[in-house]
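Q: Could you take me through one part of this protein slowly, as you would for someone in a first year of study? I would like a close look at the strands and at how they are held beside one another.

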Amino acid sequence: MRQTLLAIAAGHGLDEHESPGEATLQVLHGRVRLASGHHTWEGKAGDFLVIPPERHSLTAIDDSAVLLTVAVRVGPADTPAKDASTHQN
């Protein structure tokens, strides 16, 4: 899991971008608008928004703080290599 705290001034935001995968946005302060295609969702402090799986944008209606949580998949290529000094012959 990866979490990122974003502070966004009213009227500013993130231009349209690709979806990070399975993700949610928790509004900690203020109000935001999440838009994707013809759909928009507004969230206020305390709300959780599910990030759509397609291109989307985020705009702060008021000065806002949000917590983005992204589910990160761990696979064989993502596991740390064993330290060579711990191998015994």
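A: What follows goes from the whole chain to the open sheet, then to the core and finally to the charged pairs.

The model is a predicted one, and every statement below should be read with that in mind. The protein chain has eight strands and zero helices, so that, read from the N terminus, the order of elements is simply β-β-β-β-β-β-β-β. Of its 89 residues, 27% count as buried, and the chain exposes about 6,300 Å², of which carbon and sulfur atoms supply 53%. Among the contacts with a separation of 6 or more, 69% are made by residues 24 or more positions apart, and the strand pairings described next give some examples of how parts of a chain can be brought side by side.

The part to look at closely is an open sheet of four strands, which lie in the order β2-β7-β4-β5 with antiparallel pairing. At its edges stand β2, residues 13-17, and β5, residues 39-44, and because each has a single partner strand, one side of each is left without a neighbour in the sheet. On average, neighbouring strands of this sheet are turned by 15° against each other, direction ignored. Inside that order, β4 and β7 pair in the antiparallel sense over four bridges, and a place to find this pairing in the picture is Ala35, which stands opposite Ser57 in β7.

Strand β4 also contains Ser36, and this residue is worth a pause. Ser36 counts as buried because its relative accessibility is 2%, where the cut-off for buried is under 20%. If its neighbours within four places in sequence are left aside, Ser36 is in contact with Trp41, Pro52, Glu54, Arg55 and His56.

Next come the pairings of β3. Strand β3 pairs with β8 in the antiparallel sense over six bridges, and within that pairing Gln26 has Leu67 in β8 as its bridge partner. Strand β3 also pairs with β6, residues 48-50, again in the antiparallel sense, over three bridges, and here the bridge partner of Leu25 is Leu49 in β6.

Leu25 leads on to the largest nonpolar core, which has 13 residues; those that touch the most other members are Leu25, Val32, Ile51, Leu58, Val66 and Leu68. The elements that give two or more residues to this core are β3, residues 23-29, together with β4, β7 and β8. Strands β4 and β7 have already appeared as members of the open sheet, while β3 and β8 have appeared as an antiparallel pair, and the core takes residues from both of these sets. To follow one of its members, consider Ile51: leaving aside neighbours within four places in sequence, Ile51 is in contact with Ser19, Pro20, Ala23, Thr24, Leu25, Leu34, His56 and Leu68. Two of the residues in that list, Leu25 and Leu68, are also named among the core members with the most such partners, and His56, which Ile51 contacts, is a contact of Ser36 as well.

The charged side chains remain, and the count comes to five salt bridges. One of them joins Arg31 to Asp62, with their closest N and O atoms 2.9 Å apart. This pair links distant parts of the chain, for Arg31 is in strand β4, residues 31-36, whereas Asp62 is in the loop between β7, residues 56-60, and β8, residues 64-70, and the two are 31 residues apart. Neither partner is buried: Arg31 is partly exposed at 35% relative accessibility, and Asp62 is partly exposed at 30%.

A second salt bridge forms between Glu42 and Arg33, whose closest N and O atoms are 2.9 Å apart. Glu42 is partly exposed, with a relative accessibility of 45%, and Arg33 is likewise partly exposed, at 33%. Lys44 and Asp47 form another salt bridge, in which the closest N and O atoms are 3.7 Å apart, and here too both residues are partly exposed, Lys44 at 48% and Asp47 at 25%. Finally, Glu16, Glu18 and Arg55 are linked in a network of salt bridges, and Arg55 is one of the residues in contact with the buried Ser36.

How values were computed: Residues numbered from 1 in each chain as written. Predicted model: local features only at pLDDT ≥ 70, side-chain atom pairs only at ≥ 80, totals over all residues. Heavy atoms only, no water. Buried < 20%, exposed > 50% of the residue type's maximum accessible area, 1.4 Å probe, protein only. Contact = heavy atoms within 4.5 Å. Areas by Shrake-Rupley, 256 points an atom, 1.4 Å probe, with all protein chains shown as cover. Salt bridge = Lys/Arg side-chain N within 4 Å of Asp/Glu carboxyl O. Pairing = 2+ DSSP bridges. Axes fitted to C-alpha atoms, helices over the stretch in contact; angles between N-to-C directions. Core = buried A, V, L, I, M, F, W, Y, C linked by side-chain atoms within 4.5 Å.
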